[in-house]
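These are my notebook entries on a single protein model. I record what I looked up, entry by entry.

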Amino acid sequence: MEAAQDAVPLLCLTADRPPELRDTGANQTIDQTRLFGAHCRHFVDLGLPDGSPVALRALQRKMAQAVHEARWPVGGAVHVNAPFRKPLEPPRASSIDATVREADALLARGSIRIRPPDSQPCPVGVTEIADACRRAHHG
């Protein structure tokens with residue numbers, strides 16, 4: 001609430017149970033999808049962990065978008081929810097190795113950059129549009 005009131009960028013990361021246990025009365029399965037209500041400017045559900053290249057790229061994109069939402073146009077809180085099927089249970093060593101290789105390859109390509117829109121139009125673009133309008137026979 002304070003981050004929202006003071007325009008302070010903040011990422012709130014919560015761990016959650018898997019989607020199939022929501023609304024079943026199982027232990028520790030409160031609805032976290034809108035846990036902070038209107039005090040968060042944006043909500044992101046990361047989905048279940050997946051080490052595939054497509055899922056890792058999606059994770060990178062979702063986190064870049066969450067950071068962007070927390071910072072622009074003014075600072076505020078963003079809730080990032082991470083569901084897990086079996087918390088605290090170590091995955092198989094082979095899947096860890098494959099995921100680490102995929103993550104390393106993803107990081108080697110560089111991070112995703114999300115840039116806020118410019119508040120002023122590009123002068124070159126305005127000139128090009130004005131020239132095109134002057135050359136046009138009809139409006």
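**Entry 1. Salt bridges**

I looked up Asp131 and Arg134 first, and their side chains form a salt bridge with an N to O distance of 2.6 Å. Both residues belong to helix α4, residues 123–135, and they are three residues apart, about one turn of the helix. I note that the model is predicted. I then checked how far each partner is covered. Asp131 is partly exposed, at a relative accessible area of 28%. Arg134 has 63% relative accessibility and counts as exposed, because the cut-off for exposed is over 50%.

I next asked how many salt bridges a search of the whole structure finds. The count is two. The other entry in my list is Glu20 with Arg85, whose closest N and O atoms are 2.7 Å apart. This pair links distant parts of the chain: Glu20 is in the loop between β1 and β2, while Arg85 is in the loop between β3 and α3 (93–108), and 65 residues separate them. I find Glu20 partly exposed at 43% relative accessible area, and Arg85 is partly exposed at 49%. For Arg85 that value leaves the residue in the partly exposed class, because exposed requires over 50%.

**Entry 2. Overall architecture**

I listed the secondary structure and obtained four helices and three strands. Read from the N terminus, the elements run α-β-β-α-β-α-α. For the contacts with a separation of 6 or more, I find that 80% are between residues 24 or more positions apart. Of the 139 residues in the protein, 19% are buried. The exposed area of the protein is about 10300 Å², and carbon and sulfur atoms supply 58% of it.

**Entry 3. The sheet**

I asked in what order the strands of the sheet are arranged. The sheet is open, has three strands in the order β1-β3-β2, and pairs in the parallel sense. β1 and β2 are the edge strands, each pairing on one side only. From one strand to the next the twist averages 20°.

I then went through the pairings. β1 pairs with β3 (residues 77–83) in parallel over seven bridges, and β2 pairs with β3, also in parallel, over five bridges. I looked for the residues facing Asn81 in β3. Thr14 stands opposite Asn81, and Asp45 likewise stands opposite Asn81.

Is β3 enclosed or open to the surroundings? Seven of the seven residues of β3 are buried, so the strand is largely enclosed by the rest of the structure. I sorted these residues by face and found both faces covered. Ala77, His79, Asn81 and Pro83 are buried on one side, and Val78, Val80 and Ala82 are buried on the other.

I also looked up the packing of helix α2, residues 53–71. Helix α2 lies across β1, β2 and β3 and runs at about 175° to β2.

**Entry 4. Backbone geometry**

I looked for a cis peptide bond and found one joining Trp72 and Pro73, with omega at about 5°. Pro73 is placed in the loop between α2 and β3.

I also checked phi at Ala7. The value is positive, about 55°, although Ala7 is not a glycine. Ala7 sits in the loop between α1 (2–6) and β1. With 36% relative accessibility, Ala7 counts as partly exposed.

**Entry 5. A nonpolar surface patch**

I asked which residues make the nonpolar surface patch of about 260 Å². They are Ile30, Leu35 and Phe36. I located Leu35 in the loop between β1 (10–16) and β2 (40–45). Leu35 is partly exposed, with a relative accessible area of 36%. This value allows Leu35 to belong to a patch, because patch residues need over 30% relative accessible area.

**Entry 6. Cross-references**

I noted that the loop between β1 and β2 holds both Glu20 of the salt bridge and Leu35 of the patch. I also noted that Asn81, the residue opposite Thr14 and Asp45, is among the buried residues of β3.

Note on methods: Residues are numbered from 1 along each chain as its sequence is written. This is a predicted model: local features need pLDDT of at least 70, side-chain atom pairs count only at pLDDT 80 or more; totals for chains, interfaces and linings use all residues. Side-chain values use heavy atoms; hydrogens and water are left out. Patches are made of residues with over 30% relative accessible area and no salt bridge: like charges are joined within 9 Å, nonpolar side chains (Val, Leu, Ile, Met, Phe, Trp, Tyr) within 5 Å. Accessible areas come from the Shrake-Rupley method with a 1.4 Å probe; for residues, only the protein chains shown count as cover. A salt bridge is a side-chain nitrogen of Lys or Arg within 4 Å of a carboxyl oxygen of Asp or Glu. Helices (H or I, at least four residues) and strands (E, at least two) are DSSP runs, numbered from the N terminus. Buried means under 20% relative accessible area, exposed over 50%, partly exposed in between (1.4 Å probe, protein chains only). Two strands pair if DSSP finds at least two bridges between them. Axes are lines fitted to C-alpha atoms, for helices over the stretch in contact, and angles run from 0 to 180 degrees between N-to-C directions. Contact means heavy atoms within 4.5 Å.
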